[in-house]
Amino acid sequence: MHETPVQAASGRRRLGPNTLERTDLGCPEPPPGARVDVVVACHTPTRPIGRAVASLLDGNPEVAVTVVCHNRPAEEIAAAIQPAHREAVRYLEHTDPRPSASGPFNAGMRAARTPWVSIMGSDDRLAAGAVASWLALAEATGAEFVIPRLALGRPTAIVPTPAPRPTRLLAPYLRSRGRRAARVIGRLARTDLVADRLAYRSAPLGLLSVEMLRRTGAHLVEGAKVGGDVSMVTGLFAAVPTAYDAAGPVYLIGEDATDRVTYDVRPMAEQLGFLPGVLTAPWFTSLTAAQRRAVAVKLVRIHVFGAVYYRDREEIWTPAERAALASMCRSLHCAAPGFARVLSRADRALLDACLDPDVPAATLIHRALARRRHGRPETLLTRDPAWLLDREAPLRFMAASLLTKLLPAAPVSSAAGRPTAPDQD
């Protein structure tokens, strides 16, 4: 995860074959005392990059900000940043032919100037005090990866993933009790891939140790339009100490963008094309059977069923598309035998239809809709009652998700700054 600088043209320093640092714009050196280099990738000045940068510089004094300009001159992106912030940012220019943020994010992470690095979307925001909260949790737990509390669109719309054990939700509330609670926090806040359902978080948002990234070689899959982060993040959850800042200041996911490639309806082999790489990765094949099943349950619930749900027109489901869908589902069964036992009856009915291309497309679409009618017995009960109270089965999973979503924000010490939310809009 490290690139050696090579001198390029005047005003530019080459950091890799596709990445230039602009030494004639902004501030290439991190500010004194910065502990986290936050990498913001941006491919057009029409995105609210100025708002993203402002949320970092105005409320999180521990950060240095790196804006990676993807296939754009840095001057164009810098012009969209408020004048008061423009000169405090480092600008990288990254060129590649792929309409994916993985390339610029990887370039920014490789070029990190501080012990910690974080990535951020150009239409996202960070609440004041969030970075201090992450750093405090990393210090208390020894975590090399701290994942934040997410909100979608507005600060109160908490994203209920991951849905950890209730004890893992207590740790943020103990921080205000000082050093006496440090040992308890360290024990309560460290998370586990299976016990805390970490696989449901796919994006590498939050705090990442630069040393850890270089040691593990973890990186986003470049060129992947969908799922390029799944292997990296799930692999880290399985391998490195991780903590969840379950009640800290939020990372706010913006809803401004109209050009997110993640939301496009594309061929099934492309939409789920990342799955074979996940299921054959060394980190996955080295997991225990329980860990593989937990990952497979998430993959089918979120990625497979999500792909089916958004393909709600029968003409989309050509024989080739049905065959590709069935093949992907069979690969999950082979990689994690028995994973489907914890699914609801409605989920099992949909999975059966996914596996059988002869099931009419109308039935496939109907079952994808039916599994989202929550609260009915079909969405709460498993086929085999023996699995009804499993951690991944609907009853416990939904209860844990609700608890995570309703958790009030924890107090943050004055040293960490006041945890004000991003603008309420």
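This tour moves through a predicted model, naming at each stop what to select and what is found there.

**Stop 1: the strands near the start of the chain**

Begin by selecting strand E2 (residues 12–16) together with E3, and display the backbone. The two strands pair in the antiparallel sense over four bridges. They form a hairpin, with two residues between them. To locate one of the contacts, select Gly16, whose bridge partner in E3 is Thr19.

Keep strand E3 (residues 19–22) on screen and show its side chains. Thr19 and Glu21 are on one side, Leu20 and Arg22 are on the other, and all are buried, so that both faces of E3 are covered. Next, add strand E6 (residues 89–94), which pairs with E3 in the antiparallel sense over three bridges. Here Glu21 stands opposite Leu92 of E6.

**Stop 2: strands E4 and E5**

Select strand E4 (residues 36–42). Seven of its seven residues are buried, and the strand is mostly covered. In a regular strand the side chains alternate between the two faces of the sheet. For E4, one side carries Val36, Val38, Val40 and Cys42, the other carries Asp37, Val39 and Ala41, and these residues are all buried.

Now add strand E5 (residues 63–70). E4 and E5 run parallel and are joined by seven bridges. Among the facing residues is Cys42, which stands opposite Cys69 in E5.

Continue from E5 to Asn71, which is found in the loop between E5 and helix H2 (74–78). Its phi is near 60°, a positive value in a residue other than glycine. Asn71 counts as partly exposed, at 41% relative accessibility.

**Stop 3: helix H1**

Select helix H1 (residues 49–57). Seven of its nine residues are buried, so the helix is largely enclosed by the rest of the structure. The buried residues to highlight are Ile49, Gly50, Ala52, Val53, Ala54, Ser55 and Leu56.

**Stop 4: a sheet of three strands**

Select E8, E13 and E10, which form an open sheet in the order E8-E13-E10, with mixed pairing. Strand E8 (125–126) and strand E10 (150–152) are the edge strands, each pairing on one side only. Strand E13 (residues 251–253) pairs with E8 in the antiparallel sense over two bridges. To see one of these contacts, select Arg125, whose bridge partner in E13 is Leu252.

Two prolines may be visited from this sheet. Pro162 is placed in the loop between E10 and helix H6 (171–174). A cis peptide bond joins Thr161 to Pro162, with omega about -5°. Pro267 is placed in the loop between E13 and helix H10 (268–271). At 45% relative accessibility, Pro267 counts as partly exposed. Add Glu321 to the selection: its C-alpha atom and that of Pro267 are separated by 7.1 Å, although the two residues are 54 residues apart along the chain.

**Stop 5: aromatic rings and charges over them**

The count of aromatic pairs comes to four. Select Phe145 and Phe237: their ring centres are 5.4 Å apart and their planes are at 15°, so the pair is stacked. The pair links distant parts of the chain, 92 residues apart, with Phe145 in strand E9 (residues 145–147) and Phe237 in helix H9 (residues 230–239). Phe145 and Phe237 are both buried.

Move on to Tyr200 and Phe397, an aromatic pair that is tilted, at 4.8 Å centre to centre and 35° between the planes. Tyr200 lies in the loop between helix H7 (182–189) and strand E11 (207–209), and Phe397 lies in helix H18 (residues 394–406), so the pair ties together parts that are 197 residues apart in sequence. Tyr200 and Phe397 are both buried.

With Phe397 still selected, add Arg301, whose charged end sits over the ring of Phe397, 5.0 Å from its centre. Then select Arg372 and Tyr309: Arg372 lies over the face of Tyr309, at 3.6 Å from the ring centre.

Return to the loop between H7 and E11 to find Arg197. Phi of Arg197 is near 50°, a positive value in a residue other than glycine. Arg197 counts as buried, at 4% relative accessibility.

**Stop 6: a pair of helices**

Finally, select helix H15 (residues 345–355) and helix H16 (residues 361–370). They pack at an angle of about 150°, with their axes 9 Å apart. H15 and H16 are therefore roughly antiparallel to each other. The crossing in which H15 passes H16 is left-handed.

Key
Residues numbered from 1 in each chain as written. Predicted model: local features only at pLDDT ≥ 70, side-chain atom pairs only at ≥ 80, totals over all residues. Heavy atoms only, no water. Pairing = 2+ DSSP bridges. Buried < 20%, exposed > 50% of the residue type's maximum accessible area, 1.4 Å probe, protein only. Phe/Tyr/Trp six-rings, centres within 6.5 Å; stacked < 30°, edge-to-face > 60°. Lys NZ or Arg CZ within 6 Å of the ring centre and 35° of its normal. Axes fitted to C-alpha atoms, helices over the stretch in contact; angles between N-to-C directions. Parallel < 35°, antiparallel > 145°, perpendicular 65-115°, else oblique. Left-handed = near helix turned anticlockwise from the far one by under 90°.
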